Amino acid sequence: MSVNSKYQKNIVNKFLIYNSLFLKLPFEQIADVGLLLPLLTKYCQKGFESEQNPQQIINSFLQTYTSLETESDKISILFKFIQYIERQVVLFDAVEDAAYEKIHNFNGNGTIPYVFNRAISTQNTDKLIKKLDTFKAKIVLTAHPTQFYQGRVLSIINELETAIRNNDLDTINELLQQLGRTGFVSDEKPSPYDEALRLMWYLENVFYHSVAKVHSRLRRELNKLGVKDFDKDIINIGFWPCGDRDGNPFVTADVTLDTARQLRHKIFICYFRDSKKLRQRLTFSGVDHLVENIYNKISVTIYNSDGQRYLNKDELLDDLVEIKHYVEKYHNGLFIDVVEDFIIKVKLFGFYFTALDIRQDSRVHTQVLSDVFAAYHDDKLEGSITGSIPSDYDRLEDSSKISILLNLEGSIDPDLFKTQITRETLKSFYTIKTIQQENGENACRRYIISNTQSTLNLIEVYALARLCGWQKDSINFDIVPLLETIDDLNIGEKILGDLYALPAYRQQIINRNNRQYVMLGYSDGTKDGGYLKANWSIFKAKQKLSQLSLKNKIEVVFFDGRGGPPARGGGNTNKFYSSLGDKIANHEIELTIQGQTISSNFGNLNSSQYNLEQFFCAGLENTVFKGDIANLTDEQHELIEDLANIGFKTYNNFKNDPVFIDYLEDVSVLKYYGLTNVGSRPVKRASNAKLNLSDLRAIPFVGAWTQMKQNVPGFYGVGTAFKQYEDAGKLHEIKALYNESLFFRTLIDNSMQALCKSYFPLTSYLQHDDKFGQFWSGINQEFEDSKRLILEVSGQSELLGKSPNIKASIELRERIILPLITIQQYALMKVKEIEKNNGDEKLKAIYEKIIIRAFFGSINASRNAA
């Protein structure tokens, strides 16, 4: 299928024009680098087609097109190529962003107007209105290290996007020159607070406006149906930076509190700007002094100056509502839309801007309690704990431990403990209370438990809260299990079943509006069980937990920990949520947004509005229109179960291969991931010298495969599963499943994106390696089988053939970074060569810098819908 003509005109052609201008700009006395780069791209393509390896390609190119002789000169030009390519990616990002509204239909499928028109035509308006009364969507911004753009670069992209939209060639030229001279790389790792500030840029400049715009469009459609004054908080934003302390020793209680206070400050800055707009519009008599009052009180609140200030959002809302009524009564509602938008923003964002989540690993809680109990038995906590703790607690069954924990209370001083992790974990419970007192209860209302493996893990957090001064009936935050591994997902029903049976915890659920939140980890699930098994296990877990909660008359809300690429639960999110059927609870939909997905899908007002609507409407459509139509039949259920089990066995065999760990450590760029200085969090949870897959975080695991252009977690096991059915003459069953099940079709279509971004010629030299040759060949064969059979099952002649714009975007981006990934592999081969020959360590360090530097452009280039 050919590229959409709109895409060709507004993106491809414009990029080619501006890129030709960019390549002619001289940077740092190397004027010919930009002219050589297109030649290098073609040279790489032809070289891989001729089965050359990266070292042969780069050496041959430098010999053919340059007169460089010394190693240092050759290294220098390679760095320059990398710098150029990084900026080409930025340019392409800006071109795509500038054309966003031309490529996407803001009234088409998955948008608010579309949903309402469909409801009218199918006579489902009452059902839609009823759903809107309780339904909401939430995206949670995380600080996971996949976002490489610094704030200064984000600002340039923003300006460049505007200039391209306006065809302002002079400004484009200036910005491209600025881009060429602006550093992309930080010499130091960011602190958690730095990461938080980076994401606050999006809150202040994008989400504050786009969330309100979506709400405005919804109110407009409801008004047409006679529904007035709709003010539900239909879209919430969550925030993990400086709250997520799982494996990050740099997230302290003080940092968490500073972040919450900065979020409060940022929302008041936004309110201050809106109050200035009110002053500009509502200048007429009788209302002007009311507006001035709001302006002054917000100003006093921001700058902590003398005068009357706002103590809570209700005070501000009362003043705004007074203005609204006055304008309605005496000024014919002139500019009342400005007032209403302000009111909605205050209701959406309060005095906290975004809800800050706290997260910690269950094993940490167990250790903290062990330290607390040891101090208790050593009489170091006299008067701090009420309750009985037997000396043999550690040897008791879980049920006995739970009984003991449910009867503890106290007010422990965290500073009594010398161990940092114990002290900081205890402090975090006091910090939650402080944040709620300063910013409102919604400012910090959720404690997420990573690696939840038992009911005891949840009760441990309940007990820690009680030991840190929280009263039994006033624990004003949700205790949320995070199920990550396949085993955890399989026992999720037992964990929640036992939890619901505890009267004390059941009362806690009642106090929290009778809702239990459950987080599901797609990233770690895929790392643990492979693509098919992880996605299917989460789907089944949701169904079982939905049925269990319904039986117990509890509303369960699922919070999906999804990353950007399909290997981490990404891909077409909207199709995914509209495909779940009515056997999975749909009171709310929540997911994490992280890294380059934030900048690509929510980086400007247009893309943010569009993707927020798509996400929100996916949940509506699943309930209002699809219902049981999206449900799987028993036969389809059995088929997916069998495919998932075959894929799981295949993936497990792959993981258990004797050279698997060595391949990751010695062949991939995994060990360099933590040296990129883009995230504050370590690559591994534990500091073991030897790599342990269970301790390895999902992001660097997936990222390592991505850098090698193998994308294993996004497809491995699919090819083998499909081939078994092909060999048995039953491939038609999978074809029928693909055509009839939106869930399965979305799953396979997302896998296509992983395949489309794979490029095995880059590493084909490994097939001749004595140690890793057979292992590489096995991965390549699984790729070829997956690609061939997915195409046959989907009825397409090429990957993403039915999604030409996504395909074109991926192909252009992959073409841009082809020289980059070739240079990275070249540098990796040079490092291995130096190590083998006990060569110059200083030279090795330089090549390692090339490997690290190549991460930035490569990861940023993968920002599309995946």
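## Exercises on a predicted model

To start, look at Y271: leaving aside residues up to four places away in sequence, Y271 touches Y208, I298, L316, F342, K345, V346, F349, G350 and F351. Keep in mind that this model is predicted.

**Exercise 1. Find which residues have the most contacts inside the largest nonpolar core, and which helix gives the most to this core.**

Step 1. The largest nonpolar core has 205 residues. Y271 and F722 are the ones with the most contacts inside it.

Step 2. Helix α10, residues 192–224, gives the most to this core, with 13 residues.

Step 3. There is also a second, separate core of 64 residues. Among its members are F15, L40, A99 and A854.

**Exercise 2. Decide whether the rings of F349 and F353 are stacked, tilted or edge-to-face.**

Step 1. Let's begin with the neighbour: F349 is among the residues that Y271 touches.

Step 2. Check the distance between the rings. The centres of the F349 and F353 rings are 5.3 Å apart, and the cut-off for a pair is within 6.5 Å.

Step 3. Check the angle. The planes of F349 and F353 stand at 70°, so this pair is edge-to-face; the rule asks for over 60 degrees.

Step 4. Add the surroundings: F349 and F353 are both buried. The count of aromatic pairs in the model comes to 50. Elsewhere, one aromatic cluster is formed by Y651, F654, F660, Y663, F701, W705, Y716, F772 and F775.

**Exercise 3. Work out where β4 sits in the sheet and what covers its faces.**

Step 1. Write down the strand order. Nine strands make an open sheet with parallel pairing, in the order β3-β2-β1-β11-β10-β9-β8-β7-β4.

Step 2. Look at the edges. These are β3 (355–356) and β4 (358–361), each of which pairs on one side only.

Step 3. Follow the pairing of β4. Its partner is β7 (residues 446–450), in the parallel sense and over four bridges. Across from Q360 in β7 stands I449, while the bridge partner of D361 there is S450.

Step 4. Bring in the helix. α15 (residues 362–377) packs on the sheet and touches β4 and β7. The direction of α15 makes about 75° with that of β4.

Step 5. Sort the side chains. In a regular strand, side chains alternate between the two faces of the sheet. In β4, I358 and Q360 lie on one side, with R359 and D361 on the other. These four residues are all buried, and both faces of β4 are covered.

**Exercise 4. Two residues other than glycine, D379 and N514, have a positive phi. Place each of them in a loop and say whether it is buried, partly exposed or exposed.**

Step 1. Take D379, whose phi is near 60°. D379 belongs to the loop between α15 and β5 (385–386). Its relative accessible area is 63%, so D379 is exposed.

Step 2. Now N514, where phi is near 60° too. The loop holding N514 runs between α21 (503–511) and β9 (515–521). With a relative accessible area of 23%, N514 is partly exposed.

**Exercise 5. Find which ring R279 lies over, and which ring R446 lies over.**

Step 1. R279 lies over the face of Y295, 3.8 Å from the ring centre.

Step 2. R446 lies over the face of Y517, at 5.6 Å from the ring centre.

Technical notes: Residues numbered from 1 in each chain as written. Predicted model: local features only at pLDDT ≥ 70, side-chain atom pairs only at ≥ 80, totals over all residues. Heavy atoms only, no water. Pairing = 2+ DSSP bridges. Helix = DSSP H or I, 4+ residues; strand = E, 2+ residues; numbered from the N terminus. Contact = heavy atoms within 4.5 Å. Axes fitted to C-alpha atoms, helices over the stretch in contact; angles between N-to-C directions. Core = buried A, V, L, I, M, F, W, Y, C linked by side-chain atoms within 4.5 Å. Buried < 20%, exposed > 50% of the residue type's maximum accessible area, 1.4 Å probe, protein only. Phe/Tyr/Trp six-rings, centres within 6.5 Å; stacked < 30°, edge-to-face > 60°. Lys NZ or Arg CZ within 6 Å of the ring centre and 35° of its normal.
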